[in-house]
Amino acid sequence: MKKMNVESFNLDHTKVAAPYIRLASTSEGEHGDVIYKYDIRFCQPNKEHMDMPALHSIEHLMAENIRNHHDRVVDLSPMGCQTGFYLSVLNDNDQDGIENVMEKTLNDVLEATEVPACNEVQCGWAASHSLEGAKEIARKMLEGRNEWSVVFR
Ligand SMILES: [Zn+2]
């Protein structure tokens, strides 16, 4: 296959085994700071996906809570295929540490009583949310906790 510009377009999605956390790419600045981008795969590609309201709510919950466990989060965003998220952090390539941060963040989701910023002032589609759906996604991801560092089948 032709080498593509986008890192994940060069990943064979038929060979991966979700759930997993994979370092996808690195970007180094001129002063040596490095942004590490992780592929956090919740669902097996082309077999399952997250429904939009649940995905949207777990995005809000993780984006808000992960910053209580890590002070150099650049971004946490859902993939358009609805099978996972990208997490970008500054100067942190500690796989075990990232896994622990994700575990804490997903436990926060399980304990949540509401979706943060779930209103028309703070969100672009406030009607599309599901707290219960978000918890189901978190529960399933945590069930696979021991397999997160294994990417390929
Ligand atoms: Zn939103």
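Biologist: Setting aside residues up to four places away in sequence, which residues does H60 touch?

Modeller: In this predicted model, H60 touches V115, P116, A117, C118, C123 and H129, once residues up to four places away in sequence are left out. A contact is counted when heavy atoms lie within 4.5 Å.

Biologist: Where does H60 lie, and is H60 buried or exposed?

Modeller: H60 lies in helix α1. The general idea for burial is a cut-off: a residue is called buried when its relative accessible area is under 20%. H60 has a relative accessible area of 12%, so H60 is buried.

Biologist: In which helix is H56 found, and with which residues is H56 in contact beyond its neighbours within four places in sequence?

Modeller: H56 is found in helix α1, which covers residues 52-65. Neighbours within four places in sequence aside, H56 is in contact with C123, W125, S128 and H129. H56 has a relative accessible area of 9%, and therefore H56 is buried.

Biologist: Which residues does UniProt list for "binding site"?

Modeller: The UniProt record, an unreviewed entry, lists H56, H60 and C123 under "binding site". Such annotations may be inferred rather than shown by experiment.

Biologist: How are these residues arranged in sequence and in space?

Modeller: The listed residues are spread over 68 residues of sequence, yet they cluster in space, with a largest C-alpha distance of 10.1 Å. The contacts may be read alongside this: C123 is among the residues that H56 contacts, and C123 is also among those that H60 touches.

Biologist: Turning to the backbone, which residue that is not a glycine has a positive phi of about 65°?

Modeller: That residue is Q82. Q82 is found in the loop between β3 (73-78) and β4 (84-90). The range between the buried and exposed cut-offs, under 20% and over 50%, is called partly exposed. Q82 is at 23% relative accessibility and so counts as partly exposed.

Biologist: What is the phi of N91, and in which loop does N91 lie?

Modeller: N91 has a positive phi of about 55°, although N91 is not a glycine. N91 lies in the loop between β4 and α2 (95-111). With a relative accessible area of 35%, N91 is partly exposed.

Biologist: Which residues does a cis peptide bond join?

Modeller: The feature to read is the omega angle, which is about 0° for the cis peptide bond joining A18 and P19. P19 is found in the segment before β1 (20-28).

How values were computed
Residues numbered from 1 in each chain as written. Predicted model: local features only at pLDDT ≥ 70, side-chain atom pairs only at ≥ 80, totals over all residues. Heavy atoms only, no water. Helix = DSSP H or I, 4+ residues; strand = E, 2+ residues; numbered from the N terminus. Buried < 20%, exposed > 50% of the residue type's maximum accessible area, 1.4 Å probe, protein only.
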